[in-house]
Amino acid sequence: MFGEMSALAIRTGSVNLGQGFPDTDGPDVVRDAAIRAIQEGRGNQYPPAHGVPELRRAIADHQQRFYAITIDPGTDVVVTTGASEAIAAALLALVEQGDEVLMFAPWFDLYAAAISLAGASRVSVPLTPGTFRPDVAALRAAVTPRTRLLLLNSPHNPTGSVYTREELTAIADLVIEKDLWVISDEAYEHLVFTGSVHIPFCTIPGMAERTVTIGSAGKSLSLTGWKVGWATGPADLIAAVRVPRQHLSFVSGGPFQWAVAEGLALPDSYWAGFRDQLQLQRDMLCDGLTALGFPVTVAQGTYFATTDVRPLGYDDGWAFCRELPTRAGVVAIPHEVFHDDPDAGKPFVRWAFCKRPEVLEEALMRLRRAFG
């Protein structure tokens, strides 16, 4: 789907609001640190298998600084080739052939592939349509004797929902009752906007010993091409994750690891400015789409806004997205591809606002010509 839409964008000269990556690079100081590491010969050969000690310490310091979470960088952290590898390795470590993995739908497309690679079965529980809040009663109803693990994602891709403490506590109560492991994908932890707050799932009572938490330098530092991520959690779970992870890529991104260590120590002004700029871009796109008649679910976090395309005369998000590049010169992504049940996501479309304001304005101008 991403390949098809990207090819359409190129062929039609469209503004691509489909794929979720920024069109500006991360902080100069972090990029300069990578160049310096290369020039000084740090990481040009294989770095330590579980991540360079400086980065593992920086990740531990980050968790303490932002969330008062204390972890041991020697045993409770593993550095990965992006958050994607961390998720895949955690699934391979924690589930067996025939186990079931619960997750809310819509879901990031990697989840389905990684669960299949682990030999498990995915069980999708729809978020509340339109508002995209977790339905804990539906989650409970989906648990079976084969359920092994919950794959949780907040801030949530593709809907932009950020789960509240009350929602997370209700989920945690179910996890304890049913004796489940949890992989908590928190790649968008620093992309949370005014009125919402990111609460790491491992800080909910009873969850620290059950949860592998996933982080991403690509999302937090706008350096998605570096593919540096990590998993943190109790030593026994991280020891399990380290085994398959080492056999997936062995190591990667040596010089980038030193640079990310410096990036995680950036002052509060960086994190506030990063969030505020992205929030301006969110508002710009969402206000523009609303003015055109798209019902918008305004993102509380992440890079993405969701619209319902039915008021524009479309019943099918796939059909809308396939026609959009030719009709308007813009690319978006249908929610349908993030569901096991295509009908559940049929009228919804995801738009990425992690683009420069002038790019968003160009996209909105084209949409106005087509739908205004």
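**Chatting through a predicted model**

User: How much of the protein chain counts as buried?
Analyst: Of its 372 residues, 58% count as buried. Buried means under 20% relative accessible area, exposed means over 50%, and partly exposed is in between, using a 1.4 Å probe and protein chains only.

User: Where does this model come from?
Analyst: This is a predicted model, where local features need pLDDT of at least 70, side-chain atom pairs count only at pLDDT 80 or more, and totals for chains, interfaces and linings use all residues. Residues are numbered from 1 along each chain as its sequence is written, and side-chain values use heavy atoms, with hydrogens and water left out.

User: Cool. How many helices and strands are there?
Analyst: The protein chain has 14 helices and 13 strands. Those are DSSP runs numbered from the N terminus: helices are H or I with at least four residues, strands are E with at least two.

User: And what does UniProt place at residues 15–366?
Analyst: The unreviewed UniProt entry puts the feature "domain: Aminotransferase class I/classII large" there. UniProt annotations may be inferred rather than shown by experiment; feature names are shortened, and positions follow the numbering used here. Over residues 15–366 the chain is 42% helix and 16% strand, and the end C-alpha atoms sit 9 Å apart.

User: New topic: which peptide bond before Pro155 is cis?
Analyst: The one from Ser154 to Pro155, with omega near -5°. Pro155 lies in the loop between strand E5 (147–153) and helix H7 (165–178). The loop between E5 and H7 also holds Pro158, and the bond from Asn157 to Pro158 is cis too, with omega near 20°.

User: Why point those out?
Analyst: Because most peptide bonds are trans, and most residues other than glycine have a negative phi.

User: So where is Ala68, and what's its phi?
Analyst: Ala68 is in the loop between helix H3 (53–67) and strand E2 (77–81). Its phi is positive, about 55°, although Ala68 is not a glycine.

User: Is Ala68 buried or exposed?
Analyst: Ala68 counts as exposed, because its relative accessibility is 57%.

User: What about Ser222, buried or exposed?
Analyst: Ser222 counts as buried, because its relative accessibility is 11%. Ser222 has a positive phi near 55° and sits in the loop between helix H8 (217–220) and strand E8 (228–232).

User: Last one: which residues does Pro347 touch?
Analyst: Leaving out residues up to four places away in sequence, Pro347 touches Thr307, Asp308, Val309, Arg310, Asp315 and Gly317. A contact means heavy atoms within 4.5 Å. Pro347 is in the loop between helix H13 (342–345) and strand E13 (348–352).
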